[in-house]
Amino acid sequence: MSLHSPSVSRGLFPPLYIHPYSQSGPLSEVNTSAPSSGVFPAANRAYFTPIYVSAPVIVRRLFWANGATIAGNVQAGLYLSRSTGNGPGPALLRGNQVAQAGVTVCQYDDITDTPLSAGYYWVALWCDASGYFMRRIAVEMLRFGTQYSLSGLTDGLPEDASPAGTVGSSNWAVLSGLCLRGAP
Amino acid sequence: MVNILPVPFEPEHTTIHTLSTLCVGSCLRAWGYTSLTSFAWAAGSGPLLPFSLARDTTLRDYFWYAGNVAAAGDIDVGIYAEDAQTLLNSTGGVARGANGTIIRSNVGVDVRLPRGRYYLAFSVSASETIYGVTGQASLYEAAGILTTTDNYPLASSPTLAAPLTNCPYFGTRVHGVMP
């Protein structure tokens, strides 16, 4: 009998919304507090947070949770891990740059349905304005992510030791991620 | 050489409910939404909570946590398919039960659900109090929670509405079945 036989297990289903706080996300087992509305620290800044996808899925939309004030253009994306070290590398999905709309609601960017293999990825969220608010947690114990100074999400991030544009690690955990096929 | 890859097992579960990892519990716990309080729940409206089963599973009964103020409403709890439109099973509506207690309602004939994604659904016939968690509507949306209106008793093709800021504590007792 194979260890991968259906009589043993066929694996976990990922949740329909995959983000840093969802099942298998880096923050799912950290009881902190709910993401609150916080001002985006700097214009033209992108935040990257690692996520894990436990089974093959189809991504329908990218999303983020707007805060109490809206004033900027936003772009969401998904990156592979870099080939060496720890951090985001090549871009897998880059959404559109869209004006944020709707206060304290989830905003979506419909993209072409895209199949995704199980594995580790980085969700990215970029904004061009520092006056933009979104739901996030900023706590030192949550310093899992990294941040870059970019004029928009790029095809890939340099993998040298000190990549251009890097601002360093981030204690910002933005509520943003993937909405899968199956979610109405 | 044989490579043996790790297989992500689903742990055995006896219940699936609002705070379960298999349901939306990972998000709610990460956000600190773990304190149960009694709140009023409007007639006909109700959440649909996504959950997944990594193996075939049999439902034994449903349960909910009756609130601290008595009212005359009945409770309906059930299961929708992944499309959130096809009702697979429900209690059909039973008395809410004594204040401040977990109430169980047998499903009658045990219901077997194949491995897959589903929604747990809840609704009341008249304004009722129920224990649950209070949070932010946009966060509930990011947990995958749907909200229905005018959905008592639970029926197929419910109308979906904007998320609410409360979410009842309810669920189902299960027995895992190895395929």
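1. Partly exposed here means a relative accessible area between the buried limit, under 20%, and the exposed limit, over 50%. By that yardstick A:R181, with a relative accessible area of 45%, is partly exposed. Keep in mind while reading on that this is a predicted model.

2. What does A:R181 pair with? Its side chain meets that of A:D113 in a salt bridge, at 2.9 Å from N to O. The two residues come from distant parts of the chain, 68 residues apart: A:D113 lies in strand β8 (residues 106-116) of chain A, while A:R181 is in the segment after β14 (176-180). A:D113 is partly exposed as well, with 36% relative accessibility.

3. Over to chain B, where B:R60 and B:D110 form a salt bridge through their side chains, with an N to O distance of 2.0 Å. This pair, too, ties together distant parts of its chain: B:R60 belongs to strand β4 (residues 57-65) and B:D110 to strand β8 (residues 102-113), 50 residues apart. B:D110 comes out as partly exposed at 36% relative accessibility, and B:R60 is partly exposed at 25%.

4. Next, have a look at B:D61 and B:R104, whose side chains meet in a salt bridge at 3.0 Å, N to O. Here B:D61 sits in strand β4 of chain B and B:R104 in strand β8, 43 residues apart, so to speak a link between distant parts of the chain. Buried or exposed: where do B:D61 and B:R104 fall? B:D61 is buried, with a relative accessible area of 3%, whereas B:R104 counts as exposed at 55%.

5. That pair also belongs to a network of salt bridges, which links B:D61, B:R104 and B:R173. For the overall tally, a search of the whole structure gives 8 salt bridges over all chains; the pairs A:D113 with A:R181 and B:D110 with B:R60 are among them.

6. Now the cysteines. How many disulfides does the structure hold? The count over all chains is 0. Take A:C106 and A:C179: the sulfur of A:C106 has its closest cysteine sulfur in A:C179, 9.2 Å away, and that is too far for a bond. A disulfide would need the two sulfur atoms within 2.5 Å. Seen from the other side, A:C179 likewise has A:C106 as the residue with the closest cysteine sulfur.

7. Both of these cysteines are tucked away from the surface by the same yardstick: A:C106 is buried with a relative accessible area of 8%, and A:C179 is buried with 0%.

Key: Residues numbered from 1 in each chain as written. Chains lettered and ligands numbered in written order. Predicted model: local features only at pLDDT ≥ 70, side-chain atom pairs only at ≥ 80, totals over all residues. Heavy atoms only, no water. Buried < 20%, exposed > 50% of the residue type's maximum accessible area, 1.4 Å probe, protein only. Salt bridge = Lys/Arg side-chain N within 4 Å of Asp/Glu carboxyl O. Helix = DSSP H or I, 4+ residues; strand = E, 2+ residues; numbered from the N terminus.
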